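Visitor: I have a protein model open in front of me, and I would like to learn how to read its inner spaces, its cores and its backbone. Could you take me through them one feature at a time?

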Amino acid sequence: MQRTLTYQLNELQKDGCNAIIFQVRPECDALYESDLEPWSYYLTGAQGEKPNPYWDPLQWMIDECHRRGMELHAWINPYRAKTKSPHQNAANHVIVRHPEWTFDYDGLTLLNPAYKECRDYICDVVKDIVERYDVDGLHIDDYFYPYPVAGVEIPDEAQYRAAPNGMKNRDDWRRYNVNLFIQQVYETIHATKPWVKFGVSPFGIYRNQKSDPNGSKTNGLQNYDQLYADVLLWDANGWMDYCVPQLYWEIGNKAADYDELIHWWNRHLTRTPLYIGEDVERTVKYADLANKSQHQLAAKMALHAELPRIQGTVLWYAKAAVDNVGNYGTLLRNNYWRTPALQPLMPNIDKKAPKAPRKLKVVRMDDGEQVLLWTAPKGKGWQDEATSYVVYCFEKGESLNINDASKIVKLTTDCHYALPADQSGRYTYVVTALDRMHNESKIAKKKVLNFRK
């Protein structure tokens with residue numbers, strides 16, 4: 001597993017990826033050390049069994065991602081407690097301890113969103129992850145109430161009748177339950193560690209226009225009506241730090257046109273940073289409508305560039321990009337993502353930059369190697385402390401423009417950088433400090449005469 005993940009992380013780093021969203025809780029279990037939930041069946045083959053030889057996948061991924069200058073966001077499935085895969089539940093699994101909190105639906109067992117006990121339990125798990133692990137984000141995707149199956153009803157009529165909470169119909173009541181959960185997760189994360197980002201990746205259609213004049217010109221399943229996820233309310237109330245609608249269709253899809261949907265989200269998500277969830281395989285499967293000889297990556301990237309609200313792209317799924325289906329990974333590393341990218345800013349969490357690095361100098365080592373050294377700036381509290389640094393290199397006479405990402409030579413948590421041994425000439429090196437939210441400091445600069453070894 002570690003060999004596979006190492007290879008994938010190396011390839012994704014070459015492709016220009018700067019954050020990884022890693023699934024750590026598939027069904028109320030854990031791909032990390034937990035006193036609240038059992039080890040995952042998907043890790044060891046038996047739920048509750050420790051990995052042998054022992055390792056903690058979440059901690060390992062945090063270390064590996066941070067070493068590469070990537071963020072790590074822990075991805076959990078909040079409600080799903082058991083899938084259709086036939087395996088025994090451990091004695092400390094929530095299904096065994098609290099079967100009364102769950103309901104069955106089309107072969108799945110799910111925690112009931114109507115119960116406060118379930119919300120509190122999930123938030124205890126969230127707090128435990130955020131408190132004990134140095135994650136950069138906590139992520140959930142599109143599984144709220146279950147995706148509807150024709151002829152199968154969600155068995156929650158009794159709960160609705162017993163406690164409608166002022167709601168006049170069961171649909172509003174279900175949305176109310178999910179709204180309470182989203183708000184509680186957001187508040188739990190930020191009360192524990194204010195800098196950890198809460199991300200949600202909802203299904204790509206909010207509502208169809210036939211259901212709501214403000215909806216998209218689509219004809220598919222709806223977040224609001226079938227999954228009971230009122231994403232625009234969460235946006236308006238500031239309950240998400242970023243939103244990744246899953247726009248997994250192709251441009252020109254008759255039921256859910258990617259072009260229509262990306263414009264809709266760009267218009268309607270007004271407060272939350274917007275990233276677009278991309279299906280790698282589907283993007284390369286379908287031809288560009290304007291140029292049948294190529295697939296749709298170029299057309300989709302052009303839409304990302306022209307729409308002002310879009311701040312990032314999330315690839316589904318990592319293995320498809322690593323396997324370079326349709327030359328997708330090569331196009332990222334050689335074209336679209338060939339220069340490094342800092343994380344999108346989140347001024348709602350913190351917008352104050354740290355101070356600039358101090359005492360920037362060049363030291364020649366005994367073997368002739370030249371090393372750029374600096375001292376961390378002074379800062380109090382997580383908002384002001386530098387956690388990483390950006391090193392830029394400018395040739396003689398060039399403007400010191402740190403908005404030019406092609407001049408970045410290193411993103412690092414170290415306070416040193418070895419100058420290239422194969423480079424000679426006069427250069428100006430610039431170092432800036434980043435805080436946890438990637439607010440960037442003013443520059444420290446040093447002119448260098450570099451010699452080939």
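Guide: What follows is a short walk through cavities, pockets, nonpolar cores, single residues and backbone angles.

Guide: This is a predicted model, in which local features need pLDDT of at least 70 and side-chain atom pairs count only at pLDDT 80 or more, while totals for chains, interfaces and linings use all residues. Residues are numbered from 1 along each chain as its sequence is written, and side-chain values use heavy atoms, with hydrogens and water left out.

Visitor: How many cavities of 30 Å³ or more are there, and which residues line the largest cavity?

Guide: Rolling a probe the size of a water molecule over the atoms shows where empty space is left. On a 1 Å grid over the protein atoms alone, a cavity is a set of points where a 1.4 Å probe fits but cannot get out, whereas a pocket is an open set with protein on both sides within 12 Å along at least five of seven lines; lining residues have an atom within 4 Å of a point. Grid points are joined across faces, edges and corners, and the volume is the space filled by probe spheres set on the points. Here the count is 1 cavity of 30 Å³ or more, and the largest cavity holds about 30 Å³, with Glu 71, Asp 136, Trp 195, Lys 197, Arg 436 and Met 437 as its lining.

Visitor: What is the volume of the second largest pocket, and which element gives the most to its lining?

Guide: The second largest pocket has a volume of about 790 Å³, and of its 35 lining residues Arg 68, Gly 69, Met 70, Leu 411 and Thr 412 lie nearest its centre. Helices (H or I, at least four residues) and strands (E, at least two) are DSSP runs numbered from the N terminus, and strand E16 gives the most to this lining, with 5 residues.

Visitor: How many residues does the largest nonpolar core have?

Guide: A nonpolar core is a set of buried Ala, Val, Leu, Ile, Met, Phe, Trp, Tyr and Cys residues joined through side-chain atoms within 4.5 Å; buried means under 20% relative accessible area, exposed over 50%, and partly exposed in between (1.4 Å probe, protein chains only). The largest core has 105 residues, and those with the most contacts inside it are Leu 58, Ile 129 and Trp 234. Helix H5 (residues 116-132) gives the most to this core, with 8 residues. Apart from this core lies another, of 14 residues, among them Leu 372 and Tyr 389.

Visitor: Are Gln 423 and Ser 399 buried or exposed?

Guide: Gln 423 has a relative accessible area of 17% and is therefore buried, whereas Ser 399, at 57%, counts as exposed. Gln 423 sits in the loop between strand E17 (416-418) and strand E18 (425-434), and Ser 399 in the loop between E15 and E16.

Visitor: Where are the cis peptide bonds at Pro 53 and Tyr 317, and which phi value does Asp 106 have?

Guide: Most residues other than glycine have a negative phi, and most peptide bonds are trans. A cis bond joins Asn 52 and Pro 53, with omega about 5°, and the bond from Trp 316 to Tyr 317 is also cis, with omega near 0°. Asp 106, not a glycine, has a positive phi near 50°, and Asn 165 likewise has a positive phi, of about 55°.
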